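Open your viewer and get ready to select residues by number. This tour goes stop by stop, saying what to pick next and what you will find there.

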Amino acid sequence: MASIAYHALDSKKGEDIQVIDISEISVLADYFIIANGTSNSQVQALVDNVEEELAKEGFILNKEKVMVLEPGFCLIMVISFVHVFDKENRLFY
């Protein structure tokens, strides 16, 4: 699942994609995947592509698992947590 998300972000030109293994320290997720886009519309395109690619592999997300926390910052909650920021919000968080 983390690999699918990574490749989905990469294929839409997500920037500075980081995959962090947190399985040893968290029961909530195995990985954090962090990426950023260059604009709010690219952030949304990245999130949409992750959802679409996961769905193609049989992982269906309900909309409660995809949250826009503020413009420029989306969170996809699956076995891996995927955080997609715009550049400004990534630097802040």
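**Stop 1: Gln18**

Select Gln18, which is partly exposed, with a relative accessible area of 36%; here buried means under 20% relative accessible area, exposed over 50%, and partly exposed in between, with a 1.4 Å probe and protein chains only. A word on what you are viewing: this is a predicted model, in which local features need pLDDT of at least 70, side-chain atom pairs count only at pLDDT 80 or more, and totals for chains, interfaces and linings use all residues. Residues are numbered from 1 along each chain as its sequence is written, and side-chain values use heavy atoms, with hydrogens and water left out.

Gln18 sits in strand β1. Helices (H or I, at least four residues) and strands (E, at least two) are DSSP runs, numbered from the N terminus. Now show what surrounds Gln18: leaving aside its neighbours within four places in sequence, Gln18 is in contact with Phe32, Ile33, Ile34 and Arg90. Contact means heavy atoms within 4.5 Å. Next, draw a distance from Gln18 to His83: the C-alpha atoms are 9.9 Å apart, while the two residues are 65 apart in sequence.

**Stop 2: the salt bridges**

How many salt bridges does the structure hold? There are 3, a salt bridge being a side-chain nitrogen of Lys or Arg within 4 Å of a carboxyl oxygen of Asp or Glu. Side chains of opposite charge can pair when their charged atoms come close.

Start with Lys87 and Glu15, whose side chains meet in a salt bridge of 3.5 Å, N to O. Lys87 belongs to helix α3 (residues 87–92) and Glu15 to strand β1 (residues 15–21), so this pair ties together parts 72 residues apart in sequence. Lys87 is partly exposed at 45% relative accessible area, and Glu15 is partly exposed at 26%.

Now pick Arg90 and Asp16, where the salt bridge is 3.4 Å, N to O. Arg90 lies in helix α3 and Asp16 in strand β1, so the pair joins parts that are 74 residues apart in sequence. Is Arg90 buried or exposed? Arg90 is buried, with a relative accessible area of 17%, whereas Asp16 is partly exposed at 47%.

For the remaining stop on this list, select Lys56 and Glu53, with their closest N and O atoms 3.1 Å apart. These two are 3 residues apart in helix α2 (residues 40–56), a separation of about one helical turn. An α-helix has 3.6 residues a turn, so residues three or four places apart point the same way. Lys56 counts as exposed at 56% relative accessibility, and Glu53 as partly exposed at 24%.

**Stop 3: helix α2 and its partner**

Stay on α2 and colour all 17 of its residues. From first C-alpha to last, α2 reaches 24 Å, close to the 24 Å expected at 1.5 Å a residue; the expected span is 1.5 Å times one less than the number of residues. Among the buried residues of α2 are Val43, Leu46, Val47, Val50 and Leu54. Just past the helix, click Gly58, whose phi is positive, near 95 degrees.

Finally, add helix α1 (residues 2–11), whose axis comes within 8 Å of that of α2 and crosses at roughly 135 degrees. To see what makes the contact, show Ile4, Ala5, Ala8, Leu9 and Ser11 of α1 with Leu46, Asn49, Val50, Glu53 and Leu54 of α2. Axes are lines fitted to C-alpha atoms, for helices over the stretch in contact, with angles from 0 to 180 degrees between N-to-C directions.
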